[in-house]
Amino acid sequence: MKRKQMLTLILSAVLLASGSGITVLADAQQSVVQDIQKPTGVSEVLNIASPSEAAENLNDDIEENLNQEISQEDADQERSQKDLDQETTQGDKTNTVIPTALNASMELKASPSDAVYVSDENELREAVKSDKTVVLENDVQLSETLLIDSSKVSITSENGKLSCGTNFPDATMILVRNGAVVTLSDIEIDATKMGNPLHTDWEYSALLVGQGSKLMIGDGMSLTNDRQQSPGVNPRKYGVEISGSGEMNGGQISGFSKAGIFVAKTGNFTLNDGEISDIVNVNYPDDDDPAGGLFAWGSVTINGGVIWGCDVGIFNSNQLVMNDGEIYNNQIGFLNLTGDGDGNVYYPKATINGGVIYDNSDLAVLNKNGGKFILPAGSEVQIIGKRKGLNNFRIMASSVKATYVIKNLQKAELNIQGGHIISESDNEIAVFNDKTGKISMTNGTITVSGTQSIAIANENDSTGEVKISGGSIKVSGEGSRAINGSAEITKEVVVEEPGTGSNNGGNSNSGGSSGGSGGFYSSKASSATSPAIPETPGAWNQDQKGWKFAKSDGSSYANEWVYVKSCWYRIGADGYMLQGWNAINDKVYYLVPASGEMKTGWLLDNNNWYYLEESGAMKTGWVQVNGKWYYLNADGRMASDTVTPDGYRVGLDGAWLQ
């Protein structure tokens with residue numbers, strides 16, 4: 001036995017003899033079993049008294065004497081080793097020399113001189129009581145919860161892994177409490193056997209960090225769970241549950257069915273590096289909630305790392321800041337949601353300064369229930385939809401077609417002051433806002449390159465709920481448009497659409513008025529006739545009811561078309577500008593809500609495509625656009641993935657399949 005191990009055992013024996021070791025350990029184990037065996041969502045933090053002050057002082061005195069003896073012995077050994085090295089070098093010039101780089105690497109991974117080496121469960125339980133580095137020499141199986149109480153301990157491994165034994169009785173594998181600080185690095189922790197087949201309604205946590213305690217995860221730490229081998233029917237398992245504080249600087253967490261990391265309301269967590277992956281609830285969406293790579297009910301900061309292959313990458317219900325990192329290949333990349341389903345209400349705010357959210361199968365961001373999702377000024381984040389032709393694991397498993405990049409629902413607020421929102425797929429909406437959501441954009445970019453797609457689709461027809469006063473919206477795909485629905489757009493906004501080039505948004509007739517539903521706000525609508533037509537003389541005037549176009553004598557136009565700044569507008573019988581769908585002289589026209597411009601070309605309204613001729617009239621029957629044939633029903637809606645009344649097959653995009 002190594003001398004340092006022997007001295008450690010002597011120290012442990014003295015502590016036990018003082019009356020503070022065996023009693024505390026027994027009481028703690030009994031308390032853990034009694035408290036953890038409950039079907040609760042978040043395990044309560046246990047409060048067990050630490051060893052007496054007298055025992056701690058005795059520990060310090062003994063350890064100081066032992067350290068002095070060890071230091072002297074180490075010095076003697078070092079002198080002897082130098083003498084031996086010198087003799088070996090002189091006697092044998094062919095000795096193998098360890099390369100400098102490799103030697104440095106070996107030194108970095110070496111355990112501290114005062115490390116405690118353990119080879120079984122009992123030795124491990126004793127070792128974690130001290131402020132030491134604990135090294136597993138063999139595989140160690142836990143028969144019940146490992147309690148780490150008050151100490152500052154690092155746990156690593158040379159050859160062994162830490163796991164649960166068969167019929168593991170508790171709901172927690174490792175419990176950190178009472179101000180303990182635990183660092184895990186270069187160690188494999190397998191939680192597969194944690195789970196009781198008689199209690200499938202329990203919620204399990206491989207690591208539970210109590211209030212006032214801290215967990216540090218470093219390089220080489222692997223926390224895993226094999227869902228196929230776990231006892232019971234898909235027990236709800238968390239990888240790490242944090243009520244205190246936590247920091248992840250490397251390593252990986254994978255295979256859990258509820259959460260990779262769950263941060264309770266009292267907790268805080270920082271992700272600097274490392275990987276969280278494959279967090280999937282196999283019963284979702286049939287009879288349970290989705291699993292999340294990172295559940296943030298407490299305060300969370302993300303400075304790096306990756307989260308991928310989960311039902312939901314990040315589930316935020318509190319204050320979260322993302323400065324860097326990658327969230328990809330999940331079903332939903334980022335879910336910002338008020339409430340936890342148990343009646344608790346939170347007010348989530350996500351501030352995204354950097355990083356990238358991309359290739360998530362359903363959508364990149366779902367902001368709902370009053371959540372605030374902010375891309376602040378100077379943000380360099382890229383939020384990207386599913387790339388064309390991508391088949392990720394969630395797509396293949398669920399056959400869900402990605403149709404949105406960001407969804408803003410149920411009184412949620414989306415604030416775009418910077419960053420980049422990118423849509424590359426066909427038939428995709430970059431930003432969707434429902435009837436109760438709010439959007440403001442003062443800077444940043446929204447780029448749409450797929451066909452038949454939309455940059456911003458807004459269903460909220462209340463005045464001022466979608467305001468765009470800066471940044472740029474660039475749309476390049478065939479049949480795609482910048483905005484569907486009403487919006488306030490100022491002249492500072494750069495809007496590019498197919499056929500319009502680059503233009504400043506807003507004009508004198510947009511005036512901040514909004515109303516109607518569906519339709520596009522175009523930076524510059526196509527004219528029904530040649531731009532050489534003289535403009536209609538007059539001026540726009542607004543009152544509480546709407547807009548009028550007044551003649552020079554003060555009277556208003558009525559029941560006629562007016563041509564202003566290369567756009568056509570229709571004035572109704574009451575003298576006010578018309579908006580939305582209107583039947584005029586047996587033909588149907590669409591006049592953009594808020595601005596009133598007559599629309600031509602493709603139009604997406606309430607999830608249906610229409611085609612408006614150069615005259616502005618809605619087209620029915622067959623129409624050829626850019627070399628492709630489309631069929632428009634009697635009500636103007638484009639036929640899709642069906643057989644037309646005259647017997648021709650059209651595809652999902654509406655084009656005739658020749």
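Asp-574 has a relative accessible area of 41% and is therefore partly exposed, since that class lies between the buried limit of 20% and the exposed limit of 50%. The model in which this residue sits is predicted. The side chain of Asp-574 meets that of Lys-545 in a salt bridge, with 3.2 Å from N to O. Lys-545 has 59% relative accessibility and so counts as exposed. Lys-545 belongs to the loop between β43 (539-542) and β44 (547-550), while Asp-574 belongs to the loop between β46 (567-571) and β47 (580-584), so the salt bridge ties together parts that are 29 residues apart in sequence.

The salt bridges in the model come to 8. Another of them joins Asp-635 and Arg-637, whose closest N and O atoms are 2.7 Å apart. Asp-635 is partly exposed at 39% relative accessibility, and Arg-637 is partly exposed at 33%. Asp-641 pairs with Arg-649 at 3.1 Å between the closest N and O atoms. Here Asp-641 has a relative accessibility of 42% and counts as partly exposed; Arg-649, at 39%, is partly exposed as well.

Asp-635 and Arg-637 lead to the annotated repeats. An unreviewed UniProt entry lists residues 599-618 and 619-638 under "repeat: Cell wall-binding". The span 599-618 is 50% strand and 0% helix, and its end C-alpha atoms lie 10 Å apart. For residues 619-638 the values are 50% strand and 0% helix, with 10 Å between the end C-alpha atoms.

The chain as a whole has 54 strands and 6 helices. Of its 658 residues, 52% count as buried. Contacts between residues at least 6 apart in sequence join residues at least 24 apart in 61% of cases. The accessible surface is about 28700 Å², with 47% belonging to carbon and sulfur atoms.

Next comes the interior. In soluble globular proteins, nonpolar side chains tend to be buried together. The largest nonpolar core in this model has 91 residues, and Leu-124, Ile-261, Phe-334 and Ile-383 have the most contacts inside it. Strand β10 (residues 203-209) supplies the largest share of this core, 4 residues. A second, separate core has 29 residues, including Ala-264, Leu-337, Leu-409 and Trp-602. Leaving aside residues up to four places away in sequence, Ile-383 touches, among others, Ile-357, Phe-373, Val-405 and His-420.

A charged residue can also be examined for burial. Glu-497 lies in strand β40 (residues 494-497). Its relative accessibility is 4%, so Glu-497 counts as buried. The C-alpha atoms of Glu-497 and Lys-474 are 6.5 Å apart, although the two residues are separated by 23 residues in sequence.

Methods:
Residues are numbered from 1 along each chain as its sequence is written. This is a predicted model: local features need pLDDT of at least 70, side-chain atom pairs count only at pLDDT 80 or more; totals for chains, interfaces and linings use all residues. Side-chain values use heavy atoms; hydrogens and water are left out. Helices (H or I, at least four residues) and strands (E, at least two) are DSSP runs, numbered from the N terminus. Buried means under 20% relative accessible area, exposed over 50%, partly exposed in between (1.4 Å probe, protein chains only). Contact means heavy atoms within 4.5 Å. Accessible areas come from the Shrake-Rupley method with a 1.4 Å probe; for residues, only the protein chains shown count as cover. A nonpolar core is a set of buried Ala, Val, Leu, Ile, Met, Phe, Trp, Tyr and Cys residues joined through side-chain atoms within 4.5 Å. UniProt positions are given in the numbering used here, feature names are shortened, and annotations may be inferred rather than shown by experiment. A salt bridge is a side-chain nitrogen of Lys or Arg within 4 Å of a carboxyl oxygen of Asp or Glu.
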